[in-house]
Amino acid sequence: MKPLQVSYKAFPDQSGVSLFSPVLSVQVALPAQNAPRTRKFEAIVDSGATRCTFHADIARHLGIDLKTCQTEQTTGISGAETTYLSELVLCIPGGPVTITASFKEQLPVAGLLGMNGFFERFVVTFVGGGQYFTLQRIDKT
Amino acid sequence: MAAFATRVEVLRSAPLNAWIALSDDETTLIATGASYEEVSRKLDELGNEDALILKTPLHWGPFNVSSR
């Protein structure tokens, strides 16, 4: 199958120019039959993230009680933080997959698509000069 | 997708550290709120099924958010 080409998305910065980042619109749902999906939201394609990580607001919307979730200490650029783990269906190109996602209160964006759960399922090629990335699904769906 | 300049201007006009919804073509800010839930509820009231939701950061700048 031909790789999916996705243009980088533009964001403002403080000096009046635009910054471009690899972003994908995704939906998530509880891992239950006929569970409703969230609306589409933007998540950054982030090879530096070990797991797919989403803002805790997404968990609350889905009805996940973070107090009952297994926790994990993560080491990030800005220090250690507690994240909450939960099984989740991630809707991505090529079909939905069930992943172990982490949720974080202080995430500055809605979501990060990381190595476990996302990159392991694709050949991802970043074409910085062209301001796009490509996704080639490699797992069995 | 909107021309990037239009999207950037829409994002620049949006509240910071908030949840926002853009029209499907990313040219219009159609809802804002303090939580995903609030924005989703506003979209329900508008009957909008196609909006794209984003979380805006505390300030706009380069992303450096890797979690682990």
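The exercises below work through a predicted model of two chains, A and B.

Residues are numbered from 1 along each chain as its sequence is written, and chains are lettered from A in the order in which they are written. In this predicted model local features need pLDDT of at least 70 and side-chain atom pairs count only at pLDDT 80 or more, while totals for chains, interfaces and linings use all residues.

**Exercise 1. Chain A as a whole**

Task: State how many helices and strands chain A has, and in what order they come.

Solution:
1. Helices (H or I, at least four residues) and strands (E, at least two) are DSSP runs, numbered from the N terminus.
2. Counted this way, chain A has one helix and twelve strands.
3. Their order along the sequence is β-β-β-β-β-β-α-β-β-β-β-β-β.
4. The radius of gyration of chain A is 15 Å, close to the 14 Å given by the globule rule for 141 residues, so chain A is as compact as a globular protein of that length. Here the radius is taken over C-alpha atoms, and the rule is 2.2 Å times the number of residues to the power 0.38.
5. The C-alpha trace of chain A spans about 45 × 40 × 25 Å along its principal axes.

**Exercise 2. Burial and contacts**

Task: Find what share of chain A is buried, and what share of its contacts with a separation of 6 or more joins residues 24 or more positions apart.

Solution:
1. A residue is buried if 20 or more other C-beta atoms lie within 10 Å of its own, exposed if 12 or fewer, and partly exposed in between, with C-beta atoms placed from the backbone.
2. Buried residues make up 35% of the 141 residues in chain A.
3. Two residues are in contact if their C-beta atoms, placed from the backbone, lie within 7 Å.
4. Among contacts in chain A with a separation of 6 or more, 54% are between residues 24 or more positions apart.
5. One residue to look up is D65(A), in the loop between α1 (56-62) and β7 (70-76) of chain A. D65(A) has 10 other C-beta atoms within 10 Å, so it is exposed.

**Exercise 3. The hairpin of chain B**

Task: Describe how β1 and β2 of chain B pair, and say which residue between them takes a positive phi.

Solution:
1. Two strands pair if DSSP finds at least two bridges between them.
2. Strand β1 (residues 19-22) and strand β2 (residues 29-33) of chain B run antiparallel and are joined by four bridges.
3. L22(B) has L29(B) as its bridge partner in β2(B).
4. Six residues lie between the strands of this hairpin, and E26(B) takes a positive phi near 65 degrees, although E26(B) is not a glycine.
5. E26(B) has 21 other C-beta atoms within 10 Å, so it is buried.
6. N17(B), in the loop between α1 and β1 of chain B, also is not a glycine and has a positive phi of about 50 degrees. With 11 C-beta neighbours inside 10 Å, N17(B) is exposed.

**Exercise 4. One face of a helix**

Task: Say where the buried residues of α1(B) lie around its axis, and what covers them.

Solution:
1. R7(B), V8(B) and L11(B) are buried in α1(B).
2. Seen down the helix axis, the buried residues of α1(B) fall within an arc of 100 degrees, so they line one face of the helix. The arc is that of the directions from the helix axis to the C-beta atoms.
3. An α-helix has 3.6 residues a turn, so residues three or four places apart point the same way.
4. A5(B) and S13(B), on the other side of α1(B), are exposed.
5. The cover over the buried residues of α1(B) includes β2 (9-12) and β3 (18-21) of chain A.

**Exercise 5. Where the chains meet**

Task: Count the residues that each chain gives to the contact, and describe the side of chain B.

Solution:
1. Chain A gives 38 residues and chain B gives 28.
2. On the side of chain B, α1 (4-13), α2 (36-46) and β3 (52-55) each give two or more residues.
3. The largest share, five residues, comes from α1(B).
4. The side of chain B divides into 16 nonpolar, seven polar and five charged residues. Ala, Val, Leu, Ile, Met, Phe, Trp, Tyr, Cys and Pro count as nonpolar, Asp, Glu, Lys and Arg as charged, and the others, Gly among them, as polar.
5. Strand β5 (residues 40-45) of chain A runs parallel to β3(B), with two bridges between them. K40(A) stands opposite L52(B).
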